[in-house]
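Here is my notebook from an afternoon of looking things up in one structure. Follow along with the 3D view open, and turn it as you read.

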Amino acid sequence: MKVIVDQNKCVASGQCVLATPEVFDQREEDGIVVLLTETPPEHLADDVRQAAALCPAQAIWVEEQEKKE
Amino acid sequence: MNTTSAPGTDAPSADLPDYPMTRAAGCPFDPPPALYTLQAQAPISRVRLWDGSTPWLVTRYEDQRALLADPRISADSTHPHYPHPGPGQKERRTQSRAFIAMDDPEHARLRRMATAAFAIKHVEALRPAIQKIVDGLIDAMLAGPKPVDFVQAFALPVPSLVICELLGVPYADHDFFQSNSKTLTKRTITREQARAATQRLVDYLDGMIGDKLAHPAHDLLSTLAERVRAGELSRHEAANTGVLLLTAGHETTANMIALGTLTLLQHPDQLTRLRESRDPQLVASAVEELLRYLNIVHSGRRRVALEDIEIGGVTIRAGDGVILANDIGNRDPAAFPDPDRLDVGRNPRHHVAFGFGVHQCLGQPLARVELQAVYSTLYRRIPTLQVAVDLDDIPFKHDGLVYGVYELPITW
């Protein structure tokens, strides 16, 4: 999966950091989202999807990539 | 078919239900029965307010999330059709307007000046200090007489001490700011009461900003004062932000502590499960479940439509008031299976107790840590905790913007 964040839309609710601290962090000066990795490992996929669903500002997108068989 | 609404007309039928509605006798933890009926039969329909206005009431979870996240919906409390909860609340929101009552870009500019202090890492760093406050208040309560009013002895001091520390407000002033914010969180206050209490708090926070300009410290008000000094924030804006953070910072969490405790005492199986677990994830889940189940912000999130919006088979017209009743949204069976059952293990992280959209609660990480510290400590330290009066004799905040109890006599 590929993760995209929009720092302009972010309202610093912290929902994504609570859901997946391995993938999301917050800027020191204003709590705005910082993406730690664009391509999180598979075992974090559900948590990242939850982060995107919980984001109140809809500032997180997940692009699902087809698995290679 | 939606029979109670008249989309797009200025003359809705005369038999609209009044909002807010009344809870059923003997069911103080459940939303009013009329909200269940509306959610099932007319999930977006008009209601009548105190001033005769007829905004839309939205009762389903998905519709609430969609509208709260919709940029065509405004939170501007100065809009002529904004559906205020009462005359005093209208006065208050006009006199001291913080960013929760503004739209972007002003909202984002002002909110971002306060967000750093509520970032997850910053709040986690406060956890030991919060735990110490909780432990100390339990010690004091156990050493004192019983029965005791749990609200005054514990539920209110916990968040008041925490927010004072975070903002840099002296806790010695707690009688002053607690009594004024208690006034302001009553839905039924008059214009005069609202004006006086608001002015006292604005003057107080303005004075605090002045102190921080002269003597900066490591606290949030000093951060705002620095922005004032830099010319990025007016002193009036800084004071209004301070009033918002101080009042929202203790009223809401205090009500969750007192009402949450009463709820658990009424659900002994859930209380036992929570008390006997050593799993921090169960504690975190219990916090989310009590937030969902109680949804103490029970007067609805209030908005106004800036453009026509088609949703759920109705057309909300530009200029129509809109109220999102998150209390019943959090009991929507489409989002939460068996929604009226309290289940501390269900971890309903997608609840809307903190709202949704760009105005979702700024202080939620702090509230979570405070509630986790309380719920994981109190019932273990005082396993025989019990209410000292009958449920019928407990004064619930039916007239509050935020629900809770005015008093909760407890013993052990």
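**Entry 1: a strand and its two faces**

Which residues of β5(B) are on one side, and which are on the other? I looked this up in what is a predicted model. I found B:R301, B:R303 and B:A305 on one side, with B:R302 and B:V304 on the other. All of these are buried, and both faces of β5(B) are covered. In a regular strand the side chains alternate between the two faces of the sheet. I also noted that five of the five residues of this strand (residues 301–305 of chain B) are buried, so the rest of the structure largely encloses it.

**Entry 2: the strand's partners**

Next I looked for the strands that pair with β5(B). Strand β3 (residues 73–74) of chain B is joined to β5(B) by two bridges, and they run antiparallel. Here I found B:I73 with B:A305 as its bridge partner. Strand β8 (residues 321–324) of chain B also pairs with β5(B) in the antiparallel sense, over four bridges. In β8(B), B:V322 stands opposite B:R303.

**Entry 3: aromatic pairs**

Then I turned to the rings. A pair of aromatic rings is described by the distance of the centres and the angle of the planes. I have six aromatic pairs over all chains in my notes.

Why is the pair of B:Y61 and B:F336 edge-to-face? The ring centres are 5.5 Å apart and the planes stand at 80°; planes over 60 degrees apart count as edge-to-face, so this pair fits. The pair links distant parts of the chain, 275 residues apart. B:Y61 belongs to helix α2 (residues 61–68) of chain B, while B:F336 is in the loop between α15 (326–329) and α16 of chain B. B:Y61 has a relative accessible area of 5% and is buried. B:F336 counts as buried too, at 1% relative accessibility.

B:Y375 and B:Y379 gave me a stacked pair, with 6.4 Å from centre to centre and 20° between the planes. They are four residues apart in helix α16 of chain B, so about one helical turn separates them. B:Y375 is buried at 2% relative accessibility, and B:Y379 is buried at 1%.

I also wrote down a cluster, in which ring pairs link B:F29, B:F396 and B:Y403.

**Entry 4: charges over rings**

Which ring has the charged end of B:R292 over it? I found that end over the ring of B:F336, 5.3 Å from its centre. In another spot, B:R65 lies over the face of B:F356, at 4.1 Å from the ring centre.

**Entry 5: the largest pocket**

I looked up the largest pocket and noted a volume of about 810 Å³. Of the 28 residues lining this pocket, the closest to its centre are A:L18, B:P280, B:Q281, B:A284 and B:Q372. Which helices each supply at least two residues of the lining? From chain A I listed α1 (15–19) and α2 (45–54); from chain B, α5 (120–125), α14 (280–294) and α16 (364–381). By class, I have eleven nonpolar, seven polar and ten charged residues in the lining.

**Entry 6: one more tyrosine**

Is B:Y19 buried or exposed? With a relative accessible area of 6%, B:Y19 falls under the 20% cut-off, so it is buried. I found B:Y19 in the segment before α1 (33–41) of chain B. Its C-alpha atom is separated by 41 Å from that of B:R227, 208 residues apart along the chain.

Key:
Residues are numbered from 1 along each chain as its sequence is written. Chains are lettered from A and ligands numbered from 1 in the order in which they are written. This is a predicted model: local features need pLDDT of at least 70, side-chain atom pairs count only at pLDDT 80 or more; totals for chains, interfaces and linings use all residues. Side-chain values use heavy atoms; hydrogens and water are left out. On a 1 Å grid over the protein atoms alone, a cavity is a set of points where a 1.4 Å probe fits but cannot get out, and a pocket is an open set with protein on both sides within 12 Å along at least five of seven lines; lining residues have an atom within 4 Å of a point. Grid points are joined across faces, edges and corners, and a volume is the space filled by probe spheres set on the points. Ala, Val, Leu, Ile, Met, Phe, Trp, Tyr, Cys and Pro count as nonpolar, Asp, Glu, Lys and Arg as charged, and the others, Gly among them, as polar. Rings of Phe, Tyr and Trp (its six-membered ring) pair if their centres lie within 6.5 Å; planes under 30 degrees apart count as stacked, over 60 as edge-to-face and the rest as tilted. Buried means under 20% relative accessible area, exposed over 50%, partly exposed in between (1.4 Å probe, protein chains only). A charge sits over a ring if NZ of Lys or CZ of Arg is within 6 Å of the ring centre and within 35 degrees of the ring normal. Two strands pair if DSSP finds at least two bridges between them.
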